[in-house]
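Reader: Please walk me through this model. Begin with the terms.

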Protein chains: 2
Amino acid sequence: MQGNNRITQLFGIEKPIIQAGMIWCSGWKLAAAVSKAGGLGVIGAGSMYPDVLKEHLTKLKASTSKPFAVNLPLLYPDIEKHVQSCIDFQVPIVITSAGSPKTWTKTLQEQGIIVVHVVSSSVFALKSQEAGVDAVIAEGFEAGGHNGREETTTICLIPKVRDVLHIPLIAAGGIGCGRSMLAAMALGADAVQIGSRFVASIESSASQAFKEKVLEAKEGDTKLMMKDITPVRLLKNEFYQKVESAENNCLTKEARLELLGRGRAKLGMFEGDMIEGELEIGQVSANFQELKPAAEIVEEIWNQFLEEKERLIRL
Amino acid sequence: MQGNNRITQLFGIEKPIIQAGMIWCSGWKLAAAVSKAGGLGVIGAGSMYPDVLKEHLTKLKASTSKPFAVNLPLLYPDIEKHVQSCIDFQVPIVITSAGSPKTWTKTLQEQGIIVVHVVSSSVFALKSQEAGVDAVIAEGFEAGGHNGREETTTICLIPKVRDVLHIPLIAAGGIGCGRSMLAAMALGADAVQIGSRFVASIESSASQAFKEKVLEAKEGDTKLMMKDITPVRLLKNEFYQKVESAENNCLTKEARLELLGRGRAKLGMFEGDMIEGELEIGQVSANFQELKPAAEIVEEIWNQFLEEKERLIRL
């Protein structure tokens with residue numbers, strides 16, 4: 001595929017499978033495993049202090065010479081320090097989100113870094129292209145964690161974004177197997193970004209309790225909440241029930257922000273408090289049940305993608 | 001494709017494209033146009049009095065000898081009369097929804113009628129198969145009108161349903177072009193059901209004002225509302241704003257049911273009141289802008305499906 005795929009060419013990888021840089025789940029171990037398996041491993045810098053990111057970058061670079069990326073939410077308070085680390089460590093690809101692509105794209109590109117921006121609508125896809133990014137990730141409503149206000153799902157979003165872009169496009173949201181990967185490519189994507197499936201991998205830094213809860217998730221077990229503050233898809237637990245009850249009882253924004261508090265995501269996803277923690281995961285968590293090494297996940301998705309492509313051809 | 005496609009074989013049609021039987025939009029004219037174009041035309045009986053359905057069946061049968069279907073919401077108050085009409089008029093295929101597939105499946109099948117049931121989860125897909133239906137339509141969150149409580153989107157729903165079914169599967173929700181049709185087949189569907197795109201066809205019985213508003217819709221212009229009463233995806237207008245404000249202000253269920261009132265869907269979709277009417281449409285309405293004859297829509301989707309399949313093969 002490398003020959004005529006714009007994303008594998010741009011990133012210098014073997015398979016057009018990007019692992020999402022998720023807070024509390026995507027450290028150097030997961031990124032290394034995915035990159036070694038021929039996909040693109042990504043460090044999720046949004047939950048890391050500047051020194052922690054440096055430590056992960058040091059370990060990742062010692063572990064593999066394959067391409068990798070860092071996911072940088074632009075609303076991160078110490079963003080300058082993270083950007084400097086990406087430059088110092090010669091990170092080949094930076095994925096930016098939650099902010100304007102105008103702010104950092106040029107700075108990063110001047111240092112030879114490939115810049116990819118995450119969007120949830122064709123309007124922002126176009127703005128990202130105009131800001132000069134190298135590729136766009138378009139993420140649908142079914143994705144885990146923070147999410148767009150338009151609620152556009154992947155099957156509606158990708159053809160619409162494809163129509164406005166000439167640069168490469170990566171689809172995200174609801175992708176966790178070879179069939180959904182093939183569907184994303186059918187919709188017009190050049191590659192896929194996969195998050196939830198990698199949360200439940202051996203190398204993910206999610207707590208064991210969170211991994212198990214993700215594997216047990218059924219249809220309807222996640223929901224997009226706090227839409228008027230900052231939309232986020234949560235796995236249903238006791239904390240979720242409190243958020244839902246606060247919304248149903250029309251508590252003020254302030255009261256709901258106080259309920260949300262600080263450190264809830266770390267508490268749940270990293271420290272394993274399944275009662276009081278905030279658990280971010282995608283709808284596709286209902287579609288897999290086994291904890292596996294990341295390399296096996298990459299291999300399985302890739303093989304199913306190839307098999308299903310053969311099936312589709314015979315239709 | 002007819003040779004090895006289970007849906008085209010089961011229904012006796014040329015292309016695996018099913019037009020959704022939508023209230024106020026799908027009368028005999030639309031059904032005839034789609035069936036003549038090689039897809040499956042469907043009369044939406046949910047908004048028809050028993051005599052009106054008979055009239056549409058008479059006209060449809062006079063207009064084409066091709067296969068067609070009737071969509072029958074099982075909560076319809078005069079359901080026995082509609083069922084009898086389907087038997088009397090030798091309707092080849094009945095699509096049931098909003099109720100238990102156990103109630104009418106056998107009765108209809110004993111009269112030689114093929115029965116298809118609509119679901120929004122793998123749990124109900126399995127129950128439908130156990131009830132003996134001939135095929136299942138699985139409809140994602142992005143679909144217009146009434147919708148499942150799980151909010152599962154098409155890209156997550158179809159592979160999950162495919163895994164539990166051995167009978168044919170039709171994907172619905174977010175499909176309005178050849179790319180999304182190909183994606184649905186990649187996910188494991190045997191065929192697609194398309195609603196919104198046909199609302200904006202010449203032959204649709206939607207009011208001209210509603211057709212125009214659908215064609216003008218942008219990303220984020222529809223939203224799933226009234227989730228605690230009966231989830232329904234609405235196009236944003238003044239009536240939608242009232243519903244939203246009632247939800248945001250925590251009005252009681254009773255007060256919101258009163259606001260909803262009766263006849264709102266007819267008022268908007270059929271009679272063209274874009275202010276006070278309830279406008280049901282899918283997210284995919286953001287993805288097309290031209291009013292066209294239904295046959296041209298079928299042809300366009302089918303040709304793009306074939307072209308995109310060729311593109312995918314070369315990946």
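Author: Two strands pair if DSSP finds at least two bridges between them. Helices (H or I, at least four residues) and strands (E, at least two) are DSSP runs, numbered from the N terminus. This is a predicted model, in which local features need pLDDT of at least 70, side-chain atom pairs count only at pLDDT 80 or more, and totals for chains, interfaces and linings use all residues. Residues are numbered from 1 along each chain as its sequence is written, while chains are lettered from A and ligands numbered from 1 in the order in which they are written.

Reader: Which residue in the turn between β10(B) and β11(B) has a positive phi?

Author: Strands β10 (222-225) and β11 (232-235) of chain B pair in the antiparallel sense over four bridges. Met225(B) stands opposite Val232(B) in β11(B). The two strands form a hairpin, with six residues between them. In the turn, a positive phi of about 50 degrees belongs to Met226(B).

Reader: In what order do the strands of the open eight-stranded sheet of chain A run?

Author: Strands of a sheet pair through backbone hydrogen bonds, either parallel or antiparallel. In this open sheet the pairing is parallel. Its edge strands, each paired on one side only, are β1 (17-19) and β2 (41-44) of chain A. Across chain A the order is β1-β9-β8-β6-β5-β4-β3-β2.

Reader: By how many degrees are neighbouring strands of this sheet turned against each other on average?

Author: Axes are lines fitted to C-alpha atoms, for helices over the stretch in contact, and angles run from 0 to 180 degrees between N-to-C directions. For this average, direction is ignored. Neighbouring strands are turned by 25 degrees.

Reader: Which residue of β8(A) stands opposite Val136(A)?

Author: Strands β6 (135-139) and β8 (169-172) of chain A pair in the parallel sense over four bridges. Opposite Val136(A) in β8(A) stands Leu169(A).

Reader: At about what angle to β2(A) does helix α2 of chain A run?

Author: Helix α2 (28-36) lies across β1, β2 and β3 (68-73) of chain A. Its angle to β2(A) is about 165 degrees.

Reader: Which strands stand at the edges of the sheet containing β7 and β10 of chain A?

Author: This open sheet of chain A has three strands in the order β7-β11-β10, with antiparallel pairing. Each edge strand has a single partner, so one side of each is left without a neighbour in the sheet. The edges are β7 and β10 (222-225) of chain A.

Reader: Which residue of β11(A) does Gly145(A) stand opposite?

Author: β7(A) and β11 (232-235) of chain A pair in the antiparallel sense over two bridges. In β11(A), the residue opposite Gly145(A) is Arg233(A).

Reader: How many residues does α9(A) give to the side of domain 1 of chain A that touches domain 2 of chain A?

Author: The domain assignment, automatic or from a database, gives chain A domain 1 (2-205 + 288-314) and domain 2 (208-284). Their C-alpha centres lie 23 Å apart. The contact (C-beta atoms, placed from the backbone, within 7 Å) takes 27 residues from domain 1 and 17 residues from domain 2 of chain A. To that side of domain 1, α9(A) gives the most, with three residues.

Reader: Which element gives the largest share of the side of chain A that touches chain B?

Author: The contact takes 42 residues from chain A and 42 residues from chain B. Elements giving two or more residues to chain A's side are α6 (122-130), α7 (154-164), α8 (178-187) and α14 (294-314) of chain A. The largest share, seven residues, comes from α8(A).

Reader: Are α3(B) and α4(B) roughly parallel or roughly antiparallel?

Author: The axes of α3 (50-63) and α4 (79-88) of chain B come within 9 Å and cross at roughly 15 degrees. Angles under 35 degrees count as roughly parallel, over 145 as roughly antiparallel, 65 to 115 as roughly perpendicular and the rest as oblique. The crossing therefore makes α3(B) and α4(B) roughly parallel.

Reader: How are α8(B) and α14(B) oriented to each other?

Author: The axes of α8 (178-187) and α14 (294-314) of chain B come within 7 Å and cross at roughly 60 degrees. The contact includes Met181(B) and Leu182(B) of α8(B), and Trp302(B) and Phe305(B) of α14(B). The two helices, α8(B) and α14(B), are therefore oblique.

How values were computed
Contact = placed C-beta atoms within 7 Å.
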